[in-house]
Amino acid sequence: MNQTETGKFIARCRKEQNLTQAQLAEKLNITDRAVSKWETGKCMPDSSIMLELCGILGITVNELLSGEEMEMGKNDGTYEKKADENLLILKRRDENNINRNVVISIIFSCTLLIGAFVCVICDLAITGRLTWSLIPVSSILFAWVILFPVMMFGKKGILGGCISVSIFIFPYLYILSSLLHVRAVLAIGAAAAAISVVYLWLSVGIFRKFSGRKLTAAGIVFLAAVPFLFVMNGALSFLISEPMLDGWDVLTVFLLLIAAFTFFACDYARHKSFK
């Protein structure tokens, strides 16, 4: 399986279907940059969208992986042999990706574990019992629960990380509040966390809705951050009697609007260039 030949084959089939890279990307709910990387041989289409891609281009998965059109009616066994070779290569590629992610996950976990042990050992050496070390250890554990799915499964693990944040953020705040003996940590933190979790899932929904136009999704997410900023400030103002807005908040809103406008402008320019 030659990525360069496969990329050229995808480009040729796309043009035969009178599709631009942007149009093909929109049909597959991916970015046109991903299509460009396929066609230049920098990477291969993910196995999860190969069938849909082949349906759009009017080819078989075997032809896609071979990078050429093949006749199924031949009696020399070439088609079947090529299909077996491609399936074997695809299986090995998936296994290599899994093995790589496993190694990264183990290194990541060991690094955090060493950090936790160092905190515990230093705490015992200084105070003779577990005191302040429980705070960084609980924080390290919280970080591991969130980031491990991403390390293990890559992009597919992002959703798992979001679920972990939503589930464990409130128990973490409760533990932190208990360790610090400050009830305000839970009260204020829970309010801020609830608003943040809602914004997190709104962002996930936006990116899933506009999966083929990441720049547009990013612009909407930045734009949506403005009302959430006011909601967050309103909640914190009620809890700790702070001003609703200050100079930094105004600057933050200004920067969020600039970022949103920039993403919208870049998305418009990119799609206009493909027309």
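Of the 275 residues in this protein chain, 35% count as buried, and I should say at once that we are looking at a predicted model, so that every value I quote is computed from it. The secondary structure comes to 11 helices and zero strands, and if you read along the sequence you therefore meet the pattern α-α-α-α-α-α-α-α-α-α-α.

Let me begin with the N-terminal helices, and with a pair of charged residues. By the rule applied here, the count of salt bridges comes to one, and the partners are R14 and E39, whose closest N and O atoms are 2.5 Å apart. The pair links distant parts of the chain, since R14 sits in helix α1 and E39 in helix α3, 25 residues apart. As general background, side chains of opposite charge can pair when their charged atoms come close. Are these two partners buried or exposed? R14 has a relative accessible area of 8% and is buried, because the cut-off for that class is under 20%, and E39, with a relative accessible area of 12%, is buried by that cut-off as well.

Staying with α3, let me turn to its packing against α2. Two packed helices are described by the angle between their axes and the distance between the axes. For helix α2, residues 21-28, and helix α3, residues 32-39, the axes come within 8 Å and cross at roughly 115 degrees, which makes α2 roughly perpendicular to α3. The handedness of the crossing of α2 and α3 is right-handed.

Next, the backbone, where two residues deserve a careful look. Most residues other than glycine have a negative phi, and most peptide bonds are trans. Which residues depart from a negative phi here? N18 has a positive phi of about 60 degrees although it is not a glycine, and H181, also not a glycine, has a positive phi of about 60 degrees. N18 is found in the loop between α1, residues 3-16, and α2, while H181 has its place in the loop between α8 and α9, the latter spanning residues 183-209. N18 counts as exposed because its relative accessibility is 67%, where the class requires over 50%, and H181, with a relative accessible area of 72%, is exposed on those grounds too.

Another loop residue I would point out is E69, which lies between α5, residues 61-66, and α6, residues 78-127. With a relative accessible area of 55%, E69 is exposed. The C-alpha atoms of E69 and F9 are separated by 8.7 Å, although these residues are 60 apart along the chain.

Finally, the surface around helix α8. Which residues form the nonpolar patch there? They are L159, I163, I167, F168 and W201, and together they have about 430 Å² of accessible area. Helix α8, residues 158-180, contributes the largest share of the patch, namely four residues, and F168 is placed in that helix. F168 has a relative accessible area of 37%, and it is classed as partly exposed because that value falls between the 20% limit for buried and the 50% limit for exposed.

To close, the picture I would leave you with is an all-helix pattern along the sequence, with a salt bridge from α1 to α3 whose partners R14 and E39 are 25 residues apart, and a nonpolar surface patch drawn for its largest share from α8.

Notes
Residues numbered from 1 in each chain as written. Predicted model: local features only at pLDDT ≥ 70, side-chain atom pairs only at ≥ 80, totals over all residues. Heavy atoms only, no water. Patch = residues over 30% accessible without salt bridge, like charges linked within 9 Å, V, L, I, M, F, W, Y side chains within 5 Å. Areas by Shrake-Rupley, 256 points an atom, 1.4 Å probe, with all protein chains shown as cover. Salt bridge = Lys/Arg side-chain N within 4 Å of Asp/Glu carboxyl O. Helix = DSSP H or I, 4+ residues; strand = E, 2+ residues; numbered from the N terminus. Buried < 20%, exposed > 50% of the residue type's maximum accessible area, 1.4 Å probe, protein only. Axes fitted to C-alpha atoms, helices over the stretch in contact; angles between N-to-C directions. Parallel < 35°, antiparallel > 145°, perpendicular 65-115°, else oblique. Left-handed = near helix turned anticlockwise from the far one by under 90°.
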